[in-house]
Amino acid sequence: MTSFVDYLGGLLLVAGASFLFLGGLGIVRMPDLFNRIQAGAKTTTLGTLLILLGAGFLHPEWGFKLLLIGLFLLFTNPLSSQVLARAAHRVGIEKSSKTTVDMLAKDLAKTKDLADNGRESS
Amino acid sequence: MQTRSKLKKNIRDRAVLFVTLLLFWIMLNGTLAIDSLIVGIFVSLSITLLFCSGLSFFTEFRATPKAFAAGLFYYAYFFKELVKSNFKLAAIILSPSLPIKPGIVKVRTRLKSKMGRLMLANSITLTPGTLTVELDGEWLYVHCVTVDSTDIEEVTTQIVAGFESYLEVMYG
């Protein structure tokens, strides 16, 4: 027997899946690692949350566990993206030619310059 | 006197950690049966005694009614931004010319607490077109899909201000 709630759950599942698909497409289309992480981090968070919500409508008895999964996802997903981006920047992954400004690299170069000059003068 | 208040804070931190862990255990098991509860208490207690790093969602949380209200508004705003960011990204990905202008800009935060800064960095990562790359004290380096300006003040109000006003009340 299909009820309104079942339809709603199914709809949410489809919506979540389409966001995940867009995320995958974004990873293929984006020019460099940082932009790919952007595409991956946002779409997987919302996509998975929608899928969890849809599953919650279809199986209300899973509610608590789905909520827990959602919470973990909300805190770990952006964190892992950040750490990946930071590691990539430290290793010096090539940025896309469209990149306009990189203040982090500029600041790092500045502090490195200061350190080098300090060593020479002492 | 100071060591005493420190001890009090330590005990409070550990109690909060214990309760959080036990709550997660109960939610994961989905039962209040006495045997699973005993195992849960034993495990949470040993973790609480062995590890005491105080960084939890609650240790720096100001438990005032105002903070709870700010928390609610924060989550409402957060989900709104998350949905917005997904549609914005979808529009960029689906347009054939791929209209991006990426760059890493620097913004400053007024938040002092570790937890507040962590939440801010996480929130920025999930909002339209921004990704936190590096945290350095009060400075956050943020990667943007489209850089509108390179002025620190302007970018700060654009990216940070929305979340900061809520987080400031919650964590300070």
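# A tour of chains A and B

Start by selecting strand β1 of chain B, residues 103-108. Five of its six residues are buried, so β1(B) is largely enclosed by the rest of the structure. What you have open is a predicted model, with an ipTM of 0.73 and a pTM of 0.75.

**Stop 1: the strands of chain B**

Keep β1(B) on screen and add strand β3 of chain B, residues 139-144. The two strands pair in the antiparallel sense, over six bridges. To find one of the partnerships, pick B:Ile104 and look across to β3(B), where its bridge partner is B:His143.

Now add strand β2 of chain B, residues 130-136. β2(B) also pairs with β3(B), again antiparallel and over six bridges. Here B:Thr132 stands opposite B:Val142 of β3(B). β2(B) is mostly covered, with five of its seven residues buried.

Which residue in the hairpin of β2(B) and β3(B) takes a positive phi? Select B:Gly137, whose phi is near 60°. The hairpin has two residues between its strands.

Next, click B:Asp136, which is in strand β2 of chain B. Is B:Asp136 buried or exposed? B:Asp136 has 12 other C-beta atoms within 10 Å, and a residue with 12 or fewer is classed as exposed. For a sense of distance, draw a line from the C-alpha atom of B:Asp136 to that of B:Thr48: the two residues are 88 apart along the chain, and the line spans 30 Å.

**Stop 2: helix α6 of chain B**

Select residues 161-170 of chain B, which form helix α6, and show the side chains of B:Phe163, B:Tyr166, B:Leu167 and B:Met170. These four residues are buried. They cover an arc of only 95° around the axis, which puts them on the same side of α6(B). To see what lies over them, add α3 and α4 of chain B, which are among the elements that cover the buried residues of α6(B).

**Stop 3: where chain B touches chain A**

Show both chains and select the residues of each that contact the other. The selection has 32 residues in chain B and 34 in chain A. On the chain B side, the elements that supply at least two residues each are α1 (2-29), α3 (65-94), β1, α4 (114-125), β2 and β3. Which of them gives the most to this side? α3(B) does, with seven residues. Colour the chain B side by class and you will find 19 nonpolar, 10 polar and three charged residues.

**Stop 4: chain B as a whole**

Zoom out to chain B alone. Chain B has six helices and three strands, and from the N terminus its elements run α-α-α-β-α-β-β-α-α. Of its 172 residues, 29% count as buried. Among the contacts in chain B with a separation of 6 or more, 72% come from residues 24 or more positions apart.

Colour residues 2-50 and 65-170 separately: the domain assignment gives these ranges as domain 1 and domain 2 of chain B. The centres of the two domains, taken over C-alpha atoms, are separated by 33 Å.

Then switch to colouring by pLDDT. The average for chain B is 77, and 88% of the residues score at least 70. Among the elements of chain B, helix α2 (residues 34-50) has the highest mean pLDDT, 86, and helix α5 (residues 152-159) the lowest, 71. Where pLDDT is low, the predicted coordinates should not be read in detail.

**Stop 5: chain A**

Hide chain B and bring up chain A. How many helices and strands does chain A have? There are four helices and zero strands, and the order from the N terminus is α-α-α-α. Of the 122 residues of chain A, 28% count as buried. Among contacts in chain A between residues at least 6 apart in sequence, 68% join residues at least 24 apart.

Finish on A:Ala17, in helix α1 of chain A, residues 4-29. A:Ala17 has 14 C-beta neighbours inside 10 Å, so it counts as partly exposed. Select A:Leu46 as well: it is 29 residues from A:Ala17 in sequence, and the C-alpha to C-alpha distance is 9.9 Å.

Technical notes. Residues are numbered from 1 along each chain as its sequence is written. Chains are lettered from A and ligands numbered from 1 in the order in which they are written. This is a predicted model: local features need pLDDT of at least 70, side-chain atom pairs count only at pLDDT 80 or more; totals for chains, interfaces and linings use all residues. A residue is buried if 20 or more other C-beta atoms lie within 10 Å of its own, exposed if 12 or fewer, and partly exposed in between; C-beta atoms are placed from the backbone. Two strands pair if DSSP finds at least two bridges between them. Two residues are in contact if their C-beta atoms, placed from the backbone, lie within 7 Å. Ala, Val, Leu, Ile, Met, Phe, Trp, Tyr, Cys and Pro count as nonpolar, Asp, Glu, Lys and Arg as charged, and the others, Gly among them, as polar. The arc is that of the directions from the helix axis to the C-beta atoms. Domain bounds come from an automatic or database domain assignment. pLDDT is the predictor's confidence in each residue, from 0 to 100.
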